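Student: Could you take a close look at one part of this model with me? I'm after the enclosed and open spaces, and what surrounds them.

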Amino acid sequence: MNLYNQINNDKSYTYKLLQLPEELLENIENGNIDNLELKSNYESVVICNADKSWKVRQMNHSNTVLLMNKTGKNNLIGFQSAAYEYELNDNKPTISKTIPVYNNSNTSSISITELIQDSLCSPKEFESLFYDMNGVYIDGFAYILSNSIISELLYILITKLMSNQLTVFEISDIEDIITPPFKKSMLDTILHKFAKSVENRYELIDSNISKWFGIVELSKNNQPVLKNEFLLNWKSSLPAYYSPSLDLNDLKGYYCSFLTTHILYINPIDLSTNLAIRFKELFAFNRSWKYDEFVPFINDYVPVGKKVDSLIIKYGKKKKVGNEFIVSPG
Amino acid sequence: MPTAKIDCRSVQNLQYDGNIITTPYGLTLLEIQGELNLPDKVVENNENFIKVDEIYDAVKFGNLVFDQKETNKVILFIGNSQRLLGTIEKLNTPLGVLKIPVKNDDNMEIEEDIKMIDIVKHKLIFKQRPLPIM
């Protein structure tokens, strides 16, 4: 077989090689994907399908790599030299803009389509992320729902379901709770956050709801509170006759224990995303953390391939006291 | 935010016929650990130069011979003095071939999507130093 290399070629096109992870390859070959989308900002490039996104990195090499085309019976003709491949790695989805909190008037200038397009993630990842951060679509614009609106609407929804003795419900069963100032899309946010759905039938997830009311109740205190007092307040913040099980363990990642009697609310959003600074901030609250209360505050920031404990040893120390592990400054 | 679409319809439901040297669309990936020094201009009346699609010029740089006994082995003869021993390897991660439009003076107005035109799953790789032809 004769090998040739073109010494001039069509200047209208260039050819690049893109690594295809197994999951993406399978979906393309099976015909599940017609198009992929490339999105970029000043620091990253991602490739997305409808469900998932991958971070794109240019992987250079020093070998001669030729992309060749077979012509005739016996000729392979190189038409593009490839000095690099694009490597795809798992991407941490992000929403790129700061979204305003809804305050009963339309002040947002961020349209939903613009926000989806500008965020380095797939449409499905966007939806999940957007509702996780209490996002709501109002008149085509994106907002964040305030904690008070969420609690109020959730309270009304639970009361409605309990009075009608419904555990599984459809939108039509509850839509009459939407009266001004509430809007239908706010109910969508509530259902995304606090209910599971199968074929348009919904069921509330009690653990998500009790956790929500627990965090809201906990956030009312900026000083350590007695555990028993907090548990009582938590219980009484729930709608009457609504009794999901309440477990302080569900609120890990939002508090630290003092002595054995008190807990202090810590809002994880207020902490630095830089791990070294985050550790310092956490140790400023408490110099002797219970290991399983400490880990939820840093779990999301552990780099891929690293273990939580290796970071704790780097920025602090872990020791066994009695039957439990304690994290303290190094 | 800059965005672009990659049209993947050409590579859906590709039919593989067992040929691992070329893809269903006839592409091959060849990798040599080293550099190929090739002329960048056509030398007239030289049989090593051919025309591709009656427009472009190409220069011959070698001859590929497949081992009859061990089907994953290949030999690349370069000129009359060097040979390279190589193998046909399966890629750990298959590669999509992207055809990317380049804006130039002739096509400033045309908006064209990037296309994935093929998927390469094997490559011919020559990792060793050249051996002399005796």
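Which helix of chain A gives the most to the lining of the largest cavity?

Tutor: That's helix α8 of chain A, residues 227-237, with three residues in the lining. Keep in mind that we're looking at a predicted model. The cavity has a volume of about 30 Å³, and a search of the whole structure turns up one cavity of 30 Å³ or more. Around the space sit A:Glu217, A:Asn221, A:Val225, A:Glu229, A:Phe230 and A:Asn233. By class, that makes two nonpolar, two polar and two charged residues.

Now for the open spaces. The largest pocket comes to about 1800 Å³. Its lining takes 42 residues, and those nearest the centre are A:Asp132, A:Met133, A:Tyr254, A:Pro268 and A:Ile269. Where is this pocket in the chain? An assignment splits chain A into domain 1 (2-90), domain 2 (112-207) and domain 3 (223-329). Domains 2 and 3 of chain A both give residues to the lining of the largest pocket, so the pocket lies between them. Several helices of chain A chip in at least two lining residues each: α3 (123-132), α6 (184-194), α7 (206-218) and α10 (291-298). Of the lining, the largest share belongs to α7(A), which supplies five residues. Sorted by class, the residues lining the largest pocket are 21 nonpolar, 13 polar and eight charged.

The second largest pocket holds about 340 Å³ of space. Of its 16 lining residues, A:Gln6, A:Asn9, A:Tyr15, A:Phe79 and B:Tyr56 are the closest to the centre. Here strands of chain A do the lining work: β2 (13-19), β6 (64-71) and β7 (75-81) each bring at least two residues. The most comes from β7(A), with three. The class split for this second pocket is eight nonpolar, five polar and three charged.

With B:Tyr56 among the residues closest to the centre of that second pocket, the contact between the chains is worth a look too. Chain A brings 53 residues to the contact and chain B brings 64. Together they bury about 5200 Å², and carbon and sulfur atoms give 60% of that. On the chain A side, A:Leu3, A:Ile7 and A:Thr64 supply 13% of the area that chain A buries against chain B, more than any other three residues. If you're hunting for salt bridges, the count between chain A and chain B is one. The pair is B:Lys121 with A:Glu29, and their closest N and O atoms are 3.0 Å apart.

Last, back inside chain A, there's the meeting of domains 1 and 2. Their C-alpha centres lie 41 Å apart, yet 11 residues of domain 1 are in contact with nine of domain 2. The area buried between these two domains is about 710 Å², with 54% coming from carbon and sulfur atoms. As for salt bridges between domain 1 and domain 2 of chain A, the count is zero.

Terms used. Residues numbered from 1 in each chain as written. Chains lettered and ligands numbered in written order. Predicted model: local features only at pLDDT ≥ 70, side-chain atom pairs only at ≥ 80, totals over all residues. Heavy atoms only, no water. 1 Å grid on protein atoms, 1.4 Å probe; cavity = no way out; pocket = protein on both sides within 12 Å on 5 of 7 lines; lining within 4 Å. Points joined across faces, edges and corners; volume = space filled by probe spheres on them. Helix = DSSP H or I, 4+ residues; strand = E, 2+ residues; numbered from the N terminus. Nonpolar A, V, L, I, M, F, W, Y, C, P; charged D, E, K, R; others polar. Domains from an automatic or database assignment. Contact = heavy atoms within 4.5 Å. Buried area = accessible area lost by both parts, 1.4 Å probe. Salt bridge = Lys/Arg side-chain N within 4 Å of Asp/Glu carboxyl O.
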